[in-house]
Amino acid sequence: MAPVPDPNNVSGGAKRDEATVKVPSKDPKKKDDKKEEDLSEEDLQLKQNLELYVERVQDPNPELQKAALESMRQEIRASTSSMTSVPKPLKFLRPHYGTLKEFHKNMAESDLKKMLADILSVLALTMSAEGERESLGYRLTGSEGDIGSWGHEYVRNLAGEIAEEYTMRQGEESSIEDLMDLVQQIVAFHMKHNAETEAVDLLMDVEDLDLLLEHVDRTNFRRTCNYLTSAAKYLPGPDDMLVLDIAYMIYIKFEEYPNALQIALFLDNMQYVKQVFTSCTDLLRKKQFCYMISRHGITFELDPEMVADDVDREMLQDIVNNTKLSEGYLTLARDIEVMEAKTPEDIYKAHLLDGRASSAPSTDSARHNLAATFVNAFVNAGFGQDKLMTVPSDSTSGSAGNWLFKNKEHGKTSAAASLGMILLWDVDSGLAQLDKYFHSNDNPIIAGALLGVGIVNCGIKNDCDPALALLGEYIEKEDPSVRIGAIMGLGIAYAGSQNDQIRSSLSPILNDAKAPLDVIAFAALSLGMIYVGSCNEEVAQSIIFALMDRSEAELGEAITRFLPLGLGLLYLGKQESVEATAEVSKTFNEKIRKYCDMTLLSCAYAGTGNVLKVQDLLAQCGEHLEKGDIHQGPAVLGLAMVAMSEELGLDMEIRSLERVLQYGEQNIRRAVPLALGLLCISNPKVNVMDTLSRLSHDTDSEVAMAAIISLGLIGAGTNNARIAGMLRNLSSYYYKDPSLLFCVRIAQGLVHMGKGLLSLSPFHSERLLLSPTALAGIVTLLHACLDMKSIILGKYHYVLYFLVLAMQPRMMLTVDENLKPISVPVRVGQAVDVVGQAGRPKTITGFQTHSTPVLLAAGERAELATDKYIPLSPILEGFIILKENPDYREE
Amino acid sequence: MLTVSVKWQKKVFEGIEIDVTLPPYVFKAQLYDLTGVPPERQKIMVKGGLLKDDADWSAIGVKDGQKLMMMGTADEIVKAPEKAIVFAEDLPEEEQATNLGYSAGLVNLGNTCYMNSTVQCLKSVPELKAALSNYSLAGRSNDVDQTSHMLTVATRELFSDLDKSVNAVSPSQFWMVLRKKYPQFSQLQNGMHMQQDAEECWTQLLYTLSQSLKAPTSSEDSDAVKALFGVNLRSRLHCQESGEESSETESVYSLKCHISHEVNHLHEGLKHGLKGELEKTSPALGRSALYLKESLIDSLPRYLTVQFVRFFWKRETNQKAKILRKVDYPLELDIYDLCSEDLRKKLEAPRQKLRDEEGKKLGLQTSAKSSAKDSDVKMTDAEASSHGSGESSTVTPQEGASSEKETHMTGIYDLVSVLTHKGRSADSGHYVAWVKQESGKWIQYDDDHPSLQREEDITKLSGGGDWHMAYIIMYKARFVSM
């Protein structure tokens with residue numbers, strides 16, 4: 001009906017401003033004339049009243065003026081509550097805006113002038129041209145009365161103008177005090193009226209989030225913090241840390257410690273973590289904190305300040321040290337009834353393939369058996385029993401007892417180490433079973449035993465440090481394979497621990513001129529893992545020197561890539577801290593310089609979603625290189641590493657990788673499947689699955705191999721039937737190509753990893769936290785996959801075991817106050833993003849009710865389906881302690 | 001005196017006393033009593049290191065009440081198996097070949113796929129291979145000319161090369177000899193050797209082999225090739241004009257499947273092929289007259305070869321044109337009704353036996369199924385017996401002549417190899433051999449590229465499109481022992 005575009009039908013501040021530009025008083029008069037005839041009686045009355053007020057305002061009599069202004073205010077206030085159309089008074093006053101403005105200018109300073117300013121400020125809401133900020137201007141000269149009385153729309157508009165004014169004044173470096181007063185008012189208003197998101201937006205614009213602390217209360221802090229944490233993902237530079245800082249403080253203020261801890265872990269701020277412990281007095285809740293820390297996979301030492309009682313502290317430390325992980329995992333396995341060990345043949349399911357599958361060969365193929373070793377290890381990981389390695393060895397008649405010897409040379413290393421994988425997290429039995437290999441006189445077997453000890457201890461800490469005690473003395477042995485076994489074992493067992501004792505024994509190897517290249521490479525890698533994300537100067541120095549000492553020929557070796565990778569891991573997720581080292585890397589030999597550069601960049605910004613870095617890396621991929629340069633591989637992986645942190649960036653990255661795939665050169669195409677594998681790890685998205693399936697038949701065998709491994713990665717631990725079917729068909733398609741078949745087997749093992757109970761995703765706690773050690777493990781494997789032929793298909797296949805760093809049960813296990821598992825009903829469904837949503841929306845959709853323990857797939861969330869218990873953490877993942885609800889009544 | 005607790009596997013030994021004045025070896029001996037792990041196998045972990053036998057307790061800094069961890073078992077130490085395991089990767093090439101379950105392909109020497117596929121099909125006859133391996137210079141009879149001899153030797157060599165090799169074999173020697181013997185295969189076109197008719201190659205090769213493999217005694221019966229492939233036909237000639245009738249016998253190496261509009265199935269084609277008209281001087285009429293010839297099979301070969309007469313000389317285009325019509329062929333062929341009366345009588349008993357056996361197999365299985373719930377043992381028995389009878393019904397060829405007395409032809413044949421042609425004329429296109437292995441798997445030999453195929457895909461080669469279509473197929477007789 002109204003010919004004037006309705007400025008109020010848009011809610012966003014920016015858009016509204018645009019709308020108001022179109023309205024300026026060019027032709028409204030003409031239109032108003034026309035409209036007059038359409039007006040209803042009431043409206044006509046209102047219009048005439050208002051016109052009268054406008055006239056009276058200009059009356060010299062202050063009494064009359066005041067009465068007119070008050071009436072006008074009354075009319076406006078009465079109408080601005082509605083949001084659906086332009087309030088009528090505003091509409092009718094529009095032609096008089098100019099007159100009133102003019103009059104206001106000439107008025108003497110008085111209360112009346114202020115009153116008029118107030119009214120003008122409101123009128124400017126629809127009248128003022130863009131960039132003039134008249135509304136704000138009049139507001140500042142006005143009476144400073146209650147801001148909310150003019151309605152939401154007015155406040156919102158004002159907030160927008162404040163942000164603009166603020167940036168301008170920042171530029172001019174003029175005072176902002178008057179603005180801040182207004183901000184105070186607005187924030188208070190917003191926070192009271194369920195508009196936390198807008199309050200946060202305004203405060204972010206004026207860079208004063210601290211104000212928030214005064215205004216949050218019990219009713220709105222959760223929504224506020226929710227918005228803050230999710231906004232942090234999209235903020236640049238130091239701002240995101242600031243925002244999270246505020247969120248942390250709010251959570252602490254309202255004693256929402258689990259969330260506070262989550263943010264503390266995200267910020268990697270141990271001081272904050274400690275503060276959580278010291279602020280909380282409830283021992284049971286502290287236990288829950290310990291579970292959260294243990295899932296994150298960092299090394300954390302409790303001190304008496306955090307937990308006063310010695311016995312309690314020891315118990316809590318046990319939880320942090322993950323000593324109960326194996327028990328919980330087995331509880332889950334028993335509940336789901338998957339304890340029965342599976343053989344590789346159960347996974348291959350060759351009987352489902354008609355005809356084409358060649359019958360089992362009469363003689364043992366080393367390649368085939370090695371694949372079976374890995375499949376067996378991955379599938380039975382952590383279950384403590386299998387059908388190849390743990391069967392009693394005295395059964396000399398059966399071939400099973402001697403499975404170890406069905407592997408050839410370095411294959412025996414992987415076979416012996418697979419025992420560690422099968423007994424994963426169960427240090428006591430693991431060490432006991434691995435012991436027999438230590439007394440072997442076959443070097444590859446000893447190497448495997450050492451590696452196995454490392455794997456068993458992965459993520460588990462123990463006061464006696466059995467891994468260090470056992471492996472320490474083997475580092476200096478003569479045989480390179482034994483040394484690598486020990487070094488890699490230490491790297492896996494102590495990833496993220498920043499253990500000085502190990503550093504002092506590993507660093508000398510890096511600069512030992514006599515040490516073989518592969519030993520040096522693995523030492524650098526292990527140091528990178530142990531000091532992951534620590535920015536440790538000394539380790540960095542050692543690796544840099546080691547890189548500088550390498551000869552031209554050595555730099556060309558495939559295994560050398562672990563040196564820059566080790567360096568990169570030191571700065572994993574640490575952003576700018578890498579810059580000094582990145583400068584130094586520019587002086588390296590040109591053969592490795594760019595590779596190093598890309599690795600450092602991608603590691604440092606891993607999981608940050610930094611768009612600028614994504615662009616940098618994309619630019620690198622756009623170049624067409626001469627043959628021999630290998631740095632584009634890590635650049636492509638870097639794209640995935642940087643973008644993997646949040647869903648939107650992830651989807652964008654998947655699309656842009658599709659382009660890269662089409663236009664990139666062969667060395668880029670080889671890395672793209674791996675990047676896709678990283679982006680969707682343990683999260684089999686159908687579109688990615690299809691792309692990888694297509695690439696798995698690529699004419700370039702390296703692209704095909706990478707795609708096959710990636711199929712395994714995206715399906716890792718999901719038992720996804722579609723991927724399993726694809727891989728089965730690939731196994732018959734490639735039955736004649738031993739290399740590709742090996743890759744297919746490994747992928748099959750990955751898909752059925754832990755019989756579907758495990759996940760490789762480094763993200764946890766509702767995808768907020770990124771476990772640095774898990775990411776380090778995956779990235780290492782992917783870098784190794786960049787040169788599949790020389791590393792995984794060569795004699796370093798045991799790098800596949802680095803995946804153990806990322807392996808975690810994808811479970812939710814509820815325990816009672818004595819940490820004994822209890823079964824309660826829970827609803828499990830697809831998680832819904834509820835950030836900034838009005839009211840109390842459902843957080844999951846399409847849910848099903850199960851009883852715990854349950855498995856959680858990627859993107860799923862659980863909630864308790866009973867009021868009988870209260871979970872001690874709002875994030876229902878991993879171990880959750882339940883407390884009885886005192887208010888619960890049996891129905 | 002210190003008191004510590006020691007954790008070993010899942011057990012914790014509390015309150016073990018250490019006499020710090022004695023070396024740790026004594027402590028280990030204490031643990032030996034508790035755990036049964038000999039001291040030299042014990043690994044005791046004290047904060048970041050292992051406890052050495054001769055270490056000084058004070059230097060280690062063990063505190064009272066500390067928890068120590070011990071690793072070690074009295075388990076047997078793993079030993080490598082006495083007999084080293086042999087890996088396929090280490091085997092010499094020829095042994096790797098046996099692992100694949102099928103032999104190598106043949107390199108195409110330039111339009112030689114007709115020859116390659118013929119060789120692959122013939123190679124699948126173990127009896128022929130055996131006969132060839134017995135062939136030696138000494139066995140050469142005088143009436144075999146030099147080139148035939150050379151071709152026979154070349155065939156023998158080629159077969160054995162194929163069995164040994166993993167990688168494709170180049171049949172250059174064989175090809176040279178073949179061209180020498182049959183110069184028509186040397187035809188050139190644009191400087192290249194021309195594609196040839198595989199059937200011609202097949203016939204010529206078999207002919208040569210039959211000549212040279214005749215035993216020195218040179219009696220009819222000892223002709224190995226004839227014994228394997230020869231079909232004796234008894235024909236009845238009937239002249240409608242004069243009403244004369246005569247009969248004659250002949251021996252052929254393959255049956256023809258004539259393809260006309262009425263023929264949809266191999267059986268119809270074969271019947272068609274056994275009937276014919278020919279012009280012949282009639283003694284009664286004293287001039288040539290039209291005779292009707294009807295043939296019936298008088299004796300059955302071990303291997304029945306059927307040629308689909310797909311090519312005919314098209315005068316208009318001056319080339320061998322191809323009939324694309326789809327003619328189905330079964331995996332199991334019964335030619336009982338193509339046999340002569342005498343032969344049918346001979347076949348009666350073995351066929352009855354075969355039917356009985358099959359009936360028994362089915363019957364037993366059904367009864368086993370019904371009683372499966374009652375006793376599992378019975379079912380396994382039944383399965384075993386039916387399995388056994390199944391085996392006895394097909395006699396393995398290796399048994400050869402000695403067992404022939406007990407085994408009898410049944411007139412039923414199983415498909416063992418198919419030679420297909422793809423393309424529109426005999427002198428162009430591509431020939432491929434599809435051969436059933438002893439393991440029961442089908443292998444497609446596309447020159448140097450053998451690949452596994454499914455059985456149902458084999459029957460899809462029956463023509464009617466531009467896909468590979470059967471040109472020559474070979475069946476193997478099913479025997480029954482009596």
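**Close-up views of a predicted two-chain model**

Buried residues make up 43% of the 482 residues in chain B. The model shown in these views is predicted.

**Figure 1. Overview of chain B.** The secondary structure of chain B consists of 13 helices and 21 strands. Its exposed surface comes to about 24,000 Å², with 52% supplied by carbon and sulfur atoms. Of the contacts in chain B with a separation of 6 or more, 67% are between residues 24 or more positions apart.

**Figure 2. Overview of chain A.** Chain A contains 43 helices and 11 strands. Its C-alpha trace spans about 115 × 70 × 55 Å along the principal axes. Chain A has 891 residues, and 59% of them count as buried. The chain exposes about 35,300 Å², of which carbon and sulfur atoms supply 48%. Among contacts between residues at least 6 apart in sequence, 71% join residues at least 24 apart. The charged side chains number 85 positive and 123 negative, and the centres of these two sets are 5 Å apart.

**Figure 3. Helix α11 of chain A and the elements that cover it.** Helix α11(A) runs over residues 196-205 and is mostly covered, with seven of its 10 residues buried. The buried residues are Glu196(A), Thr197(A), Ala199(A), Val200(A), Leu202(A), Leu203(A) and Met204(A). In an α-helix there are 3.6 residues a turn, so residues three or four places apart point the same way. The cover over the buried residues of α11(A) includes α9 (152-172) and α10 (177-192), which are joined in this role by α12 (211-215), α13 (221-232) and α14 (237-253) of chain A.

**Figure 4. Loops on either side of helix α11 of chain A.** Asn194(A) is found in the loop between α10 and α11 of chain A. Its phi is near 55°, a positive value in a residue other than glycine. Asn194(A) counts as exposed because its relative accessible area is 59%, and the cut-off for exposed is over 50%. Glu207(A) belongs to the loop between α11 and α12 of chain A. Just after α11(A), this residue takes a positive phi of about 55°. Most residues other than glycine have a negative phi. Glu207(A) has 59% relative accessibility and therefore counts as exposed.

**Figure 5. A negative surface patch that includes Glu207(A).** Asp201(A), Asp205(A), Glu207(A) and Asp239(A) form a negative patch on the surface. Asp201(A) and Asp205(A) fall within the residue range of α11(A), 196-205, and Asp239(A) within that of α14(A), 237-253. Glu207(A) lies in the loop between α11 and α12 of chain A.

**Figure 6. Asn322(A), a buried loop residue with positive phi.** Asn322(A) is placed in the loop between α18 (310-320) and α19 (325-336) of chain A. Although Asn322(A) is not a glycine, its phi is positive, at about 70°. The relative accessible area of Asn322(A) is 7%, so this residue is buried; the cut-off for buried is under 20%.

**Figure 7. The cis peptide bond before Pro853(A).** The bond from Thr852(A) to Pro853(A) is cis, and its omega is near -5°. Most peptide bonds are trans. Pro853(A) is located in the loop between β7 (844-851) and β8 (854-855) of chain A.

**Figure 8. Surroundings of Gly489(A).** Gly489(A) is part of helix α26 (residues 480-493) of chain A. Its relative accessible area is 0%, so Gly489(A) is buried. With neighbours within four places in sequence left aside, Gly489(A) is in contact with Leu450(A), Leu451(A), Gly454(A), Leu471(A) and Ile484(A). From C-alpha to C-alpha, Gly489(A) and Ala372(A) are 22 Å apart in space, with a separation of 117 residues in sequence.

**Figure 9. A nonpolar surface patch that includes Phe545(A).** The patch is formed by Phe545(A), Met548(A) and Val584(A), which together have about 250 Å² of accessible area. Phe545(A) lies in helix α29 of chain A, made up of residues 537-549. Phe545(A) counts as partly exposed because its relative accessible area is 42%, and partly exposed covers values between the cut-offs of 20% and 50%.

Key
Residues numbered from 1 in each chain as written. Chains lettered and ligands numbered in written order. Predicted model: local features only at pLDDT ≥ 70, side-chain atom pairs only at ≥ 80, totals over all residues. Heavy atoms only, no water. Buried < 20%, exposed > 50% of the residue type's maximum accessible area, 1.4 Å probe, protein only. Helix = DSSP H or I, 4+ residues; strand = E, 2+ residues; numbered from the N terminus. Contact = heavy atoms within 4.5 Å. Patch = residues over 30% accessible without salt bridge, like charges linked within 9 Å, V, L, I, M, F, W, Y side chains within 5 Å. Areas by Shrake-Rupley, 256 points an atom, 1.4 Å probe, with all protein chains shown as cover. Salt bridge = Lys/Arg side-chain N within 4 Å of Asp/Glu carboxyl O. Lys, Arg positive; Asp, Glu negative; His and termini not counted. Charge placed at Lys NZ, Arg CZ, Asp CG, Glu CD.
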